[in-house]
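Q: Could we go through this model together, one feature at a time, beginning with its pockets?

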Amino acid sequence: MRVLPEPAPVAGDRAGGWAALDRAVSAGVAAARGEAPTAHVAVLLGDLPGLDPTELDGALAFAEEHPRAVLPDAQGTGTTLLTARAGQVLTPAFGGGSAAAHAALGHVVLDLPEASTLRHDVDVPEDLAALAAREVPGRTGALLHRLR
């Protein structure tokens, strides 16, 4: 595992810190492709504490059927997973309405059930409350149980 330094800010960046996330994603994709130019890449955001790894495996297999793919969050507006096959450009466009922005950039929208753990990110306190109401295994579940 290698940790990359945060890319420097750029004059004229979009507001809200999303440009910084887009730059970090682009730097990570470039580093991965520099080490393995023929590998597919996937961007999975870190706010999916209830993620079932088996669902991730299935989604990645489904995404491989498309040159580029995006998985919207449960609300259908944000992005939880973004993929690109080798040789395909992955242009991140995170922020409000990112699922539609990624689709407009040519990413096929993956059709996974709204109940998929891969679609339930935690952006606001209500998302965390919904996660706590579900049976989440492992350390995350234990922590949520203690917080109830």
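Q: How much space lies in the largest pocket?
A: The model is predicted, with local features needing pLDDT of at least 70 and side-chain atom pairs pLDDT 80 or more, while totals for chains, interfaces and linings use all residues. Residues are numbered from 1 along each chain as its sequence is written, and side-chain values use heavy atoms, leaving out hydrogens and water. A pocket is an open set of points on a 1 Å grid over the protein atoms alone where a 1.4 Å probe fits, with protein on both sides within 12 Å along at least five of seven lines, and its lining residues have an atom within 4 Å of a point. Here the largest pocket holds about 220 Å³.

Q: Which element gives the largest share of that lining?
A: Helix α1 does, with 6 residues, and among the lining residues are Leu21, Val25, Val41 and Leu44.

Q: How are the strands of the sheet ordered?
A: Strands of a sheet pair through backbone hydrogen bonds, either parallel or antiparallel. In this model, an open sheet of 4 strands follows the order β1-β3-β2-β4 with mixed pairing, where two strands pair if DSSP finds at least two bridges between them. Strands β1 (41-44) and β4 (108-109) are at the edges with a single partner strand each, so one side of each has no neighbour in the sheet.

Q: How many bridges join β2 to β3?
A: There are 5 bridges between β2 (residues 68-72) and β3 (residues 79-84), which run antiparallel, and Pro72 has Thr79 in β3 as its bridge partner.

Terms used. Helices (H or I, at least four residues) and strands (E, at least two) are DSSP runs, numbered from the N terminus. Grid points are joined across faces, edges and corners, and a volume is the space filled by probe spheres set on the points.
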